[in-house]
Amino acid sequence: MMNFAFLRPAVACVMLSGLAACGGGGDSDPVTDVVVPSGGSTTTDTTLSGPRASATTLLATWAPPTYTSLGAIPVSGGANYDGYLFGDLSNESDDITDKVVGSLSIRASFNAGGASFTGTASDFIDSDDNDMTGTLAISGGALDRNGNPASDATVRGVQVAGTLTDNADHDLVFAVQLEGDFLGDSYDAIGGDALGGVSVDGVDQDFDGGFIAER
């Protein structure tokens with residue numbers, strides 16, 4: 001399975017959830033690229049506007065990433081971030097969408113021990129740009145103040161849960177976790193992996209994606 005974290009230089013030269021490959025170029029939509037699992041998807045998303053384009057632009061803003069020094073992150077107060085959550089469902093043989101992208105609003109509440117997170121993800125569209133109804137809730141998580149952003153995710157265990165309904169009335173039940181890092185000199189953004197599972201009619205499949213949001 002492809003890793004969608006803000007991959008560190010020592011690990012790979014693919015940054016920002018796999019959106020920019022080494023020496024890469026071309027006209028492909030980066031958000032389409034990021035949600036293709038390692039097995040390879042045959043679904044081509046030709047959307048060049050709307051949330052995919054906006055997510056691509058925001059991701060490009062933070063590529064290559066500058067990780068926030070953990071000492072620069074406050075021990076009280078909080079910060080609000082807005083951006084995008086996107087990813088790929090692993091079962092490409094069913095009639096359920098293979099890709100989703102939606103708007104993300106997340107608040108980091110800082111404390112001496114680290115941070116916790118709340119928020120929502122909503123306004124999702126599917127592979128065919130059809131609207132999906134429902135909202136995913138963001139909760140929990142932690143910030144490892146003793147970690148090293150250059151080698152490990154310092155934001156971990158942020159829960160994303162809820163149900164999205166597609167235009168065929170399929171309920172997609174999400175159980176996903178966010179892990180990543182704060183970005184910029186002054187914790188200006190946050191981004192990384194979105195990994196977990198989605199259940200549809202009792203059948204589970206993997207979810208592999210990423211998130212990016214800025215203040």
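Two strands count as paired here if DSSP finds at least two bridges between them. With that in mind, take a look at this predicted model, starting with β1 and β2. Strand β1 covers residues 78–89, strand β2 covers residues 99–111, and 11 bridges hook them together in an antiparallel arrangement. One spot to find along this pair is G87, which sits opposite V100 in β2.

Now zoom out. There are 8 strands closing into a barrel, and you can walk around it in the order β1-β2-β3-β4-β5-β6-β7-β8, with antiparallel pairing. On average, neighbouring strands of this sheet are turned by 25 degrees against each other, ignoring direction. Helix α2 (residues 51–61) lies across β1, β2, β3 and β8, and runs at about 120 degrees to β1.

Follow the chain into the loop between α2 and β1 and you'll meet T68. T68 counts as buried because its relative accessibility is 2%, and the cut-off for buried is under 20%. Its contacts beyond four places in sequence are I73, P149, F182, L183, G184, D185 and Y187. With L183 there's also a polar touch: the T68 side chain reaches the backbone oxygen of L183 at 3.2 Å.

Over in strand β8 is Q205, also a buried residue, with a relative accessible area of 9%. Its C-alpha atom is 6.4 Å from that of N91, although the two residues are 114 residues apart along the chain. Setting aside neighbours within four places, Q205 is in contact with several residues, including L89, S90, N91 and D94, as well as G196 and V198. For S90, look at the backbone nitrogen: the side chain of Q205 reaches that atom at 3.3 Å.

Notes
Residues numbered from 1 in each chain as written. Predicted model: local features only at pLDDT ≥ 70, side-chain atom pairs only at ≥ 80, totals over all residues. Heavy atoms only, no water. Helix = DSSP H or I, 4+ residues; strand = E, 2+ residues; numbered from the N terminus. Axes fitted to C-alpha atoms, helices over the stretch in contact; angles between N-to-C directions. Contact = heavy atoms within 4.5 Å. Buried < 20%, exposed > 50% of the residue type's maximum accessible area, 1.4 Å probe, protein only. Polar contact = N/O pair within 3.5 Å; in protein donor to acceptor, adjacent residues only side chain to side chain.
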